[in-house]
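Work through the following exercises with the sequence and the model at hand, and compare each result with the solution beneath it.

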Amino acid sequence: MKTTSTIFLQNLVFYAYHGVAPQETAVGNTFIINLSLKGDFGQAMQSDCVDDTVSYADVFLAVKEEMSIPSKLLEHVCGRIVQRLFRDFPLIEEINLKLAKTNPPMGADIDVAGVEVHCIR
């Protein structure tokens with residue numbers, strides 16, 4: 001049986017040093033990630049074995065490592081995360097990733113601003 005399932009991680013919070021302005025790379029900011037990973041996880045539905053799926057704990061560790069590498073653009077951070085997840089987890093067929101920066105320094109009364117990407121292997 002072929003199934004399409006989604007594994008998701010919502011509202012992952014990281015403190016990181018991404019941004020174009022010098023103050024952003026010096027002071028840092030809080031970032032929020034929402035992530036959906038699509039693939040055929042039907043074997044795990046039958047086997048009850050973590051080896052037949054994608055461990056969201058392992059996904060979190062990979063995302064955490066990528067978030068610790070400073071970048072100017074959120075698009076660049078998203079690209080690195082997507083490439084890493086596709087490389088490390090062959091069962092992932094599609095990724096929806098939303099990366100938001102809280103209180104961005106743009107002179108506006110705004111909670112978050114960010115980037116959302118949808119990538120297919």
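**Exercise 1.** Classify Phe 60 as buried, partly exposed or exposed from its relative accessibility.

*Solution.* The classes are buried for under 20% relative accessible area, exposed for over 50%, and partly exposed in between, computed with a 1.4 Å probe on protein chains only. Phe 60 has a relative accessibility of 28% and therefore counts as partly exposed, whereas Phe 14, at 8%, counts as buried. The model is a predicted one, in which local features need pLDDT of at least 70 and side-chain atom pairs count only at pLDDT 80 or more, while totals for chains, interfaces and linings use all residues. Residues are numbered from 1 along each chain as its sequence is written, and side-chain values use heavy atoms, with hydrogens and water left out.

**Exercise 2.** Find the aromatic pairs in the whole structure and assign a geometry to each.

*Solution.* Rings of Phe, Tyr and Trp (its six-membered ring) pair if their centres lie within 6.5 Å; planes under 30 degrees apart count as stacked, over 60 as edge-to-face and the rest as tilted. The search of the whole structure yields two aromatic pairs. Phe 14 and Phe 60 are stacked, with 5.8 Å from centre to centre and 15 degrees between the planes. Since Phe 14 belongs to strand S1 (residues 5–16) and Phe 60 to helix H3 (residues 56–67), this pair ties together parts that are 46 residues apart in sequence; helices (H or I, at least four residues) and strands (E, at least two) are DSSP runs, numbered from the N terminus. For Tyr 15 and Tyr 17 the ring centres are 5.8 Å apart and the planes stand at 80 degrees, so that pair is edge-to-face. Tyr 15 counts as partly exposed at 49% relative accessibility, and Tyr 17 counts as partly exposed at 34%.

**Exercise 3.** Determine how many salt bridges the whole structure holds, and trace those of Glu 24 and Glu 66.

*Solution.* With a salt bridge taken as a side-chain nitrogen of Lys or Arg within 4 Å of a carboxyl oxygen of Asp or Glu, the search finds six. One of them joins Glu 24 and Lys 101 at 2.4 Å, N to O. Glu 24 lies in helix H1 (residues 22–27) and Lys 101 in strand S3 (residues 92–102), so the bridge connects parts 77 residues apart in sequence, and both residues are buried. Glu 66 meets Arg 80 at 3.0 Å, N to O, and Arg 84 at 3.1 Å, N to O. Because Glu 66 is in helix H3 and Arg 84 in helix H4, the latter pair ties together parts that are 18 residues apart in sequence. Salt bridges with shared partners join Glu 65, Glu 66, Arg 80, Arg 84, Arg 87 and Asp 88 into one network.
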